Each structure stands twice: as C-alpha cells, then as structure tokens.
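This report describes one helix and a set of paired strands. Please look at the sequence and the structure before reading on.

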Amino acid sequence: MKYSRCINFTLLAPSIWPLIEAFSNTEKREGYARYLCKTSQNTGIIYEIFLNKKSASENLDVLLAAQALKEQLLAKVAVSEGEII
C-alpha cells in the first residue's frame with residue numbers, strides 16, 4: 001500500500017519561492033513521486049508519494065527543509081501523512 005505526505009505552506013514573503021523550488025520541484029522516479037503546486041502567490045503544497053511508510057520515514061529531506069523555513073520564521077507549515085486508499 002502506498003503512503004503519502006502532504007506539506008501545506010504559506011510563505012511570509014513571495015520572494016522565498018526560489019528557495020522552495022530548490023528543494024521541492026516536481027520529481028518522479030521508481031518508488032517515489034513529488035509534486036510542487038503553487039496555489040497562490042505565497043502558498044503551496046508539496047505532495048510526496050512513497051512505496052510505504054518505512055520509505056517515507058527514510059526520506060525526510062523535503063520535510064526537514066520545509067520545517068527549517070518554519071523554524072526561521074519564513075513560512076507557516078502544516079504536514080499530514082497517511083496511507084493512500
């Protein structure tokens with residue numbers, strides 16, 4: 001069963017978009033897919049799909065980068081994860 005992670009974010013300045021794109025542009029490879037969706041000038045979604053929960057727990061790069069923006073007060077970030085049914 002596949003597993004997904006959805007990272008919703010609001011940038012506190014639209015000028016940060018290049019930073020988001022640097023670590024989260026859309027990517028597809030076997031066992032993994034990532035989609036970056038810009039929903040407004042300063043909001044968006046990063047959607048990741050993994051083979052399973054174990055794979056998701058081993059691939060935290062994008063999540064950690066998004067949370068770093070939150071810690072630096074550059075963005076508001078909300079994360080949800082779960083099995084795709």
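How many residues lie between β2 and β3 in their hairpin, and which glycine in the turn has a positive phi? The model is predicted. In it, 2 residues separate β2 and β3 in the hairpin, and the turn contains glycine 31, whose phi is positive at about 85 degrees.

**Paired strands**

Strand β2 covers residues 27-29 and pairs with β3 in the antiparallel sense. Strand β3 also pairs with β4, again in the antiparallel sense. The table sets out both pairings.

| Strand pair | Sense | Bridges | Residues in the hairpin connection |
|---|---|---|---|
| β2 and β3 | antiparallel | 3 bridges | 2 residues |
| β3 and β4 | antiparallel | 7 bridges | 4 residues |

Individual positions can be matched across these pairs. Lysine 28 stands opposite alanine 33 of β3. Lysine 38 has glycine 44 in β4 as its bridge partner.

**Helix α1**

Helix α1 spans residues 17-24, and its buried residues are Trp17, Ile20 and Ser24. Because these residues cover an arc of only 60 degrees around the axis, they lie on the same side of α1. The face turned away from that buried side carries Pro18 and Ala22, which are exposed.

Which elements help to cover the buried residues of α1? The cover includes the strands β1 (3-11), β3 (32-38) and β4 (43-50), together with helix α3 (61-71). Strands β3 and β4 thus appear both in this cover and as an antiparallel pair with 7 bridges.

How values were computed. Residues are numbered from 1 along each chain as its sequence is written. This is a predicted model: local features need pLDDT of at least 70, side-chain atom pairs count only at pLDDT 80 or more; totals for chains, interfaces and linings use all residues. Side-chain values use heavy atoms; hydrogens and water are left out. Buried means under 20% relative accessible area, exposed over 50%, partly exposed in between (1.4 Å probe, protein chains only). The arc is that of the directions from the helix axis to the C-beta atoms. Contact means heavy atoms within 4.5 Å. Two strands pair if DSSP finds at least two bridges between them.
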